[in-house]
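Thanks, everyone. I have a few minutes on one structure, so please look at the screen.

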Amino acid sequence: MLDLTYEIALASNPEALIDHLDLMLTAGRLRPENRETLVSIITAMPGSTSNNRKARAQKALYLFSLLPEFNVIY
């Protein structure tokens, strides 16, 4: 199980959540157009309850796993 406590706390601010995940998962390589898309998707999700924020954090992690910046083969 992943401990998403910190990410859930950030989920009320989608930009902060995406910035954090960008640093942690892509070493800051997230392209601006992908960042904008992720922020838009997460912002469109409800975020008023703890369950909503958990869903935001989980969705953001899922979306990051699909990004080319995350899936780099050297």
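N34 sits in helix α3, which covers residues 32–44. This is a predicted model, so everything I quote is computed from it. Is N34 buried or exposed? Its relative accessibility is 15%, and the cut-off for buried is under 20%, so N34 counts as buried. Which residues does it touch, if we ignore those within four places in sequence? The contacts are L67, P68 and E69.

Now to helix α2, residues 14–26. Start with its length. There are 13 residues, and at 1.5 Å a residue the helix should span 18 Å. The C-alpha atoms at its two ends lie 17 Å apart, so the model agrees with the expectation.

Next, which residues of α2 are buried? They are P14, L17, I18, H20, L21, D22 and T26. On the general point, an α-helix has 3.6 residues a turn, so residues three or four places apart point the same way. As for what lies over the buried residues of α2, the cover includes α1, residues 5–10, together with α3 and α4, the last of these being residues 50–66. So α3, the helix that holds N34, is also part of the cover on α2.

Last item: what comes after α2? The helix is followed by A27, which belongs to the loop between α2 and α3. A27 has a positive phi of about 55°, although it is not a glycine. Its relative accessible area is 58%, and since exposed means over 50%, A27 is exposed.

That is what I have. Questions are welcome.

Key. Residues are numbered from 1 along each chain as its sequence is written. This is a predicted model: local features need pLDDT of at least 70, side-chain atom pairs count only at pLDDT 80 or more; totals for chains, interfaces and linings use all residues. Side-chain values use heavy atoms; hydrogens and water are left out. Helices (H or I, at least four residues) and strands (E, at least two) are DSSP runs, numbered from the N terminus. Buried means under 20% relative accessible area, exposed over 50%, partly exposed in between (1.4 Å probe, protein chains only). Contact means heavy atoms within 4.5 Å. The expected span of a helix is 1.5 Å times one less than its number of residues.
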